[in-house]
Amino acid sequence: MLNDRSSLLSLLETRRSAKPRSLAGPGPGSEDLERILAIAARTPDHGKLHPWRFVVVDESQRDALACLLHEALSAEDESATAAHHKKEGEFAHYGGTLVVLVSAPVPNHKIPVWEQELSCGAAGMNLLLGAAALGYDGGWVTGWRTYSPRVTAAFCEPGERIAGFVFIGRTAAELDERPRPALDDVVRHWLAPS
Ligand SMILES: Cc1cc2nc3c(=O)[nH]c(=O)nc-3n(C[C@H](O)[C@H](O)[C@H](O)COP(=O)(O)O)c2cc1C
């Protein structure tokens, strides 16, 4: 639990994603989960539209999620093999708590949809940060299911789309670091056009 500024800096400077398939339960209990979701909802949002939602898939619904993924895969990918189906069954039963991040932009609004989608991405980042701050590991994954019309219909209202599946739990092993971009590659100082 973070209780001072150096802990906050340390969290921001060292947080890493976990691979959802490597997560074990238990995920956050209801009190921790509510706190994580409140942190995620505390996200910059031009126009106060909160153009995103969090759909928690409780443990009791994981078998139903597996059925949905099998049905969608069979209907949408003729070439899907038993191995693909096995992977979906495993995905639906990954350890920890599953939160489906839904992008819910308000159409025909003066705030462009692009800005609303950026806010959704920020909410996803805050979800990972909130989880890390409470001592959990988290991972955000997408894949074909994110774009499947059948899976989308099961989680979204018309006009909404799945932004990702975020699993929050704990990993037994130390998380691997990944290469980070050199600041020189991603930072520029703007020069006025001459
Ligand atoms: C929008 C989005 C989609 C992602 N989809 C996947 C995915 O399908 N599979 C995967 O292994 N990781 C996925 N990731 C996670 C990244 O591959 C990787 O774990 C992450 O960038 C690690 O960065 P971090 O350690 O700074 O959190 C996704 C991340 C984002 C933001």
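In this predicted model, Val57 stands opposite Leu98 in strand β2. This pair is a good place to start a walk through the sheet. Strands β1 and β2 run antiparallel and are joined by six bridges.

Stepping back, the sheet is built from four strands and is open, with the order β1-β2-β4-β3 and antiparallel pairing. The two edge positions belong to β1 (52–57) and β3 (137–141). Each of these strands has a single partner, so one side of each is left without a neighbour in the sheet. From one strand to the next, the twist averages 25°.

The next pairing to follow is that of β2 with β4. These strands run antiparallel and are joined by seven bridges. An example can be picked out in the structure: the bridge partner of Val102 is Ile162 in β4. Strand β4 (residues 161–169) also pairs with β3, in the antiparallel sense, over five bridges. Here Gly139 has Phe167 of β4 as its bridge partner.

Two helices pack on this sheet. Helix α2 (residues 30–41) touches β1, β2 (97–103) and β4, and its direction makes about 160° with that of β1. Helix α3 (residues 62–76) likewise touches β1, β2 and β4, with a direction at about 50° to that of β2.

How many residues of β2 are buried? The count is seven of the seven, so β2 is largely enclosed by the rest of the structure. The side on which a residue points makes no difference to this: Thr97, Val99, Leu101 and Ser103 point one way, Leu98, Val100 and Val102 point the other way, and all are buried.

Attention now turns to two single residues, beginning with Ser119 in helix α5 (residues 113–133). Its relative accessibility is 5%, and because buried means under 20%, Ser119 counts as buried. The side chain of Ser119 makes a polar contact of 2.8 Å with the side chain of Trp52. Apart from its neighbours within four places in sequence, Ser119 is in contact with Thr43, Pro44, Asp45, Pro51 and Trp52. Trp52 is thus both a contact of Ser119 and, by its number, a residue of β1 (52–57).

The second residue, Thr171, is found in the loop between β4 and α8 (183–186). With a relative accessible area of 17%, Thr171 is buried as well. Which side chain makes a polar contact with the side chain of Thr171? The partner is Asp137, at 2.7 Å. In addition, a polar atom of the Thr171 side chain lies 3.4 Å from the backbone oxygen of Ala173. Once neighbours within four places in sequence are left aside, the contacts of Thr171 are Ala18, Ser22, Leu23 and Asp137.

Finally, the model holds a ligand, surrounded by Arg15, Arg16, Ser17, Trp140, Val141, Thr142, Gly143, Arg178 and Arg180. Polar side-chain atoms of some of these residues can be followed to particular ligand atoms. For Ser17, a polar side-chain atom lies 2.3 Å from an oxygen atom of the ligand. For Arg180, a polar side-chain atom lies 2.6 Å from an oxygen atom of the ligand. In the case of Thr142, an N or O atom of the side chain is 2.9 Å from a nitrogen atom of the ligand. On its own, the ligand has 640 Å² of accessible area, and the protein covers 56% of that.

Definitions and conventions: Residues are numbered from 1 along each chain as its sequence is written. This is a predicted model: local features need pLDDT of at least 70, side-chain atom pairs count only at pLDDT 80 or more; totals for chains, interfaces and linings use all residues. Side-chain values use heavy atoms; hydrogens and water are left out. Two strands pair if DSSP finds at least two bridges between them. Axes are lines fitted to C-alpha atoms, for helices over the stretch in contact, and angles run from 0 to 180 degrees between N-to-C directions. Contact means heavy atoms within 4.5 Å. Buried means under 20% relative accessible area, exposed over 50%, partly exposed in between (1.4 Å probe, protein chains only). A polar contact is a pair of N or O atoms within 3.5 Å; within protein, one must be able to donate a hydrogen and the other to accept it, and residues adjacent in sequence count only if both atoms are side-chain atoms. A residue is near a molecule or strand if one of its heavy atoms lies within 4 Å of it. Accessible areas come from the Shrake-Rupley method with a 1.4 Å probe; for residues, only the protein chains shown count as cover.
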